[in-house]
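Biologist: Could you take me through one part of this model up close? I'd like to hear about a place where two domains meet.

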Protein chains: 2
Amino acid sequence: MTDIVAQLIDALGDAVSTDAAQLDAARADKSGHRSGSAPLAVVNARSIEDIQATMRIATATHTPVVTRGAGTGLAGGAIAASGEIVLSTLAMDRVLEINESDLLAVVEPGILNGRFNEILGEQGLWFAPDPASKAISTVGGNIATNAGGLLCAKYGVTRDAVLGLKVVLPDGRLLTLGHRSVKGVTGLDLTALMVGSEGLLGVIVEATVRIRREVPGTLATIASFYPGVRDAAAASAAITAAGLQPAVMELIDPSVLRAIDAFAGSSLAGRGNAHLAVQFDGPGAAEDAHRALEIITELGGDADLTTDRDEAEKLLAIRRAAHPSLAALGTTLIEDVSVPRTALPDMFDAIAAIEQKFGITIPTLAHAGDGNLHPNFIFDGPIVPDQVWAAADELFLAALKLGGTLTGEHGIGILKKRWLGDELGEDQLELQRQIKQVFDPLGILNPGKVF
Amino acid sequence: MTDIVAQLIDALGDAVSTDAAQLDAARADKSGHRSGSAPLAVVNARSIEDIQATMRIATATHTPVVTRGAGTGLAGGAIAASGEIVLSTLAMDRVLEINESDLLAVVEPGILNGRFNEILGEQGLWFAPDPASKAISTVGGNIATNAGGLLCAKYGVTRDAVLGLKVVLPDGRLLTLGHRSVKGVTGLDLTALMVGSEGLLGVIVEATVRIRREVPGTLATIASFYPGVRDAAAASAAITAAGLQPAVMELIDPSVLRAIDAFAGSSLAGRGNAHLAVQFDGPGAAEDAHRALEIITELGGDADLTTDRDEAEKLLAIRRAAHPSLAALGTTLIEDVSVPRTALPDMFDAIAAIEQKFGITIPTLAHAGDGNLHPNFIFDGPIVPDQVWAAADELFLAALKLGGTLTGEHGIGILKKRWLGDELGEDQLELQRQIKQVFDPLGILNPGKVF
C-alpha cells in the first residue's frame, strides 16, 4: 500500500494527497452513506496526463480507483474505502472552448455545472442539463450519472447534450469518442454508453457538449396550491393533457411543504397542502401560462402567475428549499423512482400505502413533467434502518410494476445494487457485466459499485 | 445448407421463402451495391417468436443472419450473400400503442416511418426522426442506423427519440432494454448502444419511442437562390449566427440543381446556381422567417417566403427531387460526411479541390443546419470505379480533418469499412469489436459489415 502511494507521489508529486481530512471527505457523498474506512490517497488531477499516470500505476499494481467530481452523488457511486485510490477531477475545471456558431463547448470534467452556465450566460448561451445540484455538482459527474433535473421533459437528459468524450481507460490509454458534428454514426455509440456509466468503464477527462442559445421571449411562472397531493398531480396531468409543454413542472407533497415552512419560517401550508410550480419559456410562454392557470383554477388550485424573472426565482425558491429543509430533520435517503407521467397518481397511491404499512412518513417531491419522483426517508444516525430498506424495496417494485425505473437520475451506486437484477433481468445484467469487463478487465474501476 | 432451410421451414412454415426474386432482392439495397450471390432463404418474420426461432436455428447451425427492414440503406448494411439467412422484419408493422399523455408509442420494427407518422398525424402527433427516405424506410431500420434527416439540428437524432427496445440475441433470448419513463439511468445504457448498431448486436423486435405533439403555429418556408454554393453556405451560416433555429435548412449545389431541372423539366437554374431552403416552425416562425429573409436578401440571395403549407410543400419538393434526379444520371454512390456547421464552406472547398484533382463532378446536397453533406459520385454500371473510391477517400479524410465524421446518418455497412479505423483509431476499434463479441460470440449477426 505504502509502495503504491510512493509510486503515485513519484509520478505526480504534490497532486497526491494523503491529508486525513481529504481522505475522510472521500468516504462520503450526499447520499448519507459513508464507507467504513479511509482510501489510500487522493490524486487531485491537473491534466489528462495526471489521470493517465494514475491509471497506469493502478493497473500495474491492481489497485482500485474511484473517480470523483464534487462528491454530490446521491447513490454512493463515488464513495471510496480502504485500499482504493480516489481520482479527483475537481481541479480540471477549465472551459476549453465555447463555439457559439456550432453551439458546442469543450470542457474539462471538474467544472461545476452552475459555473459553466455562468460563463455561457455572459454570451447569451446555456447548457441544458439542470440537476437540482447544479450549483455544486460537476459537468463530469453529471455525465457519469446521466444527470436529469428539472428541464428534461422539454430539453432532454444529459446524454442528449453530449457529442463527444475523451476517456482514459484503466491501463492509461486515451480514447477519443464521438465527434463535433450534430450527426455521426460511425461504429457503435460508445459516447452514449459512457454517459451514465458511473465510473465503471473509464475516466471522462474531457467533454464536447451541445449548448443552446438563451430562449427568447417571456418566462411565465405559476405557483399553485391544492388540498392534497393527488389534486396537484391531477392538475399537472391536465396541463400536459391539454398539449402544453412546460419547461419546469415541480410538485411538492404536504410533508415536504411543512418541512419547508419549518426550515424557512414561511407559511406556505396555510395556502394548501400540496404545491405545484409550473414554468413556461419561449415565444408562446405567456399564452401557455394563462391556459395552464385556467386549468389549475378549474381544478380548485389557488395560484399566482408572474412573468417577472425575479418574482419567478422567488416562486421556484420554494422548490429549491426542499432538500435542505428535509436534511434539517435528520439523515435523508433520497429515492429516485421514475414512472411514465400518467402513472404519477398511481405512484402516489403506492407511496401512501407504503407509508401506512410501515407507519412512516415519506416526504415526496416530483419532477411532475417527466414522472420522476423523489420519495425521502428520514431517520437518525448514519445507518439506513432495515425498516427503511424494506419500505424502499416496496417502493422500487411499485415503480417497476408501473413501467418505470429504480432510478431516474441519481444512478445505482451502492445504494440500489440489490434491485438492479429486478429491473434488468439476469440476461441483461450478465451482458452489462461482460461489457464492463471489456473496458476494465482487471476490475479496478469503481469496484463494488452498480454490479 | 439445405438442412438449414429445412429446419427453418420446419419451425416457421410459410414465413420462410426461397423464392428467387426475394432472394435476389436481398442482395442489394439503395447504396448501388450488390452482393455476389443469393442468400439461403428469407424469413418473413410475423412475430417475436418467429425471430427467436430463426436465431435459435442460426446459432445451432452457426449460420450468419442479416436483419433487413425495407432495404433502403445507403451503406450496404443489409445486403445478404450466399450461406446467409435474411431475417426480414417488414411484415411486423403494427403500432402496438399510442399514448398521447405520456407522449410515447410502441411499434414493431417493420412499420414504415411515413406510415407511422400518418397514423400519429390522425391524433395530432408525430415522430421526429425524419430521414429523407421516410416514406419507404422502416422505423426499425431508422433505429438500427440511427437515421438522421432534415430536422436533427432542432429535433435531435433517432437515438434521442428511443426510450426502450426489445432485442433478440443471437441465441434467441429476448431482452427488454430501457423504460417507458422520460428518465432512467439503471445500469449501462444498452438502449443507446443498440441505436445505430447496424444489425451487429441483436435483432430489434419492438421499440418504445418518444412522440411529439404537432408544433402549433405557422410554418414559414423560404426558397432562395444564389450565384454559387459558397454564397448559399454563407447565407446558411449567417442565419444560424443570427441566433435563428430553422427546423429545416437544405442546401443544393449547382450540379444537383441542373440534374433536377433535367429530371423534372423545371428551370430552377435560371434563378441561380445554388439553392437554400429554410423552414421555421413554432409560435415565432413567421417573425424568424422574416429575419432570415432580410439576411438572405442582404447577402444577395433571390428568395420567396411563404406561410402557406401547400406552397411550402412545393418549395421543399425541389429538395425531395434531388435523389431521383441524380439516380437518373447513372449509378450513384451517395456519401454522407458530417462536419461542424461552421466548417461547411471549408468542406465545399475540399470537395471542389477533389473535383479538380480527379476531373469529376461531385454533385452535393447538404443538411446545412447540422453540417451533414451528401456528395454524390455518379458512374456507369454496378461497380464503383477505383477512381471514385480514391476521390471518396480524400473526401472522408477532409471531413475528419475538419472535426467531422465519415458518416452522419447512413452508417458504415460495407461501403465505409476501410475508413473506420481512420476515424475511431485502433484502440477504440478493438473495444468495439470486443463489445460485438459480448453480444454475438459466434459472430453470426451481419458478419463482414462495419468491422
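Modeller: **Where two domains meet**

Going by C-alpha atoms, the centres of domain 2 of chain A and domain 3 of chain A lie 30 Å apart. Keep in mind that this is a predicted model, where local features need pLDDT of at least 70 and side-chain atom pairs count only at pLDDT 80 or more, while totals for chains, interfaces and linings use all residues. Residues are numbered from 1 along each chain as its sequence is written, chains are lettered from A in the order in which they are written, and side-chain values use heavy atoms, with hydrogens and water left out.

Domain 2 covers 95-213 and domain 3 covers 216-320 in chain A; such bounds come from an automatic or database domain assignment. Five residues of domain 2 touch six residues of domain 3, where contact means heavy atoms within 4.5 Å. Together the two bury about 610 Å², 53% of it on carbon and sulfur atoms; that's the accessible area (1.4 Å probe) both parts lose on being put together, summed over both. On the domain 2 side, Leu150(A), Leu151(A) and Lys154(A) lose the most area to domain 3, together 73% of what that side buries.

Now for Lys154(A) again: its side chain meets that of Asp281(A) in a salt bridge, 2.6 Å from N to O. The term means a side-chain nitrogen of Lys or Arg within 4 Å of a carboxyl oxygen of Asp or Glu. The count between these two domains is one salt bridge. By class, the domain 2 side that touches domain 3 has four nonpolar, no polar and one charged residues; Leu counts as nonpolar and Lys as charged.
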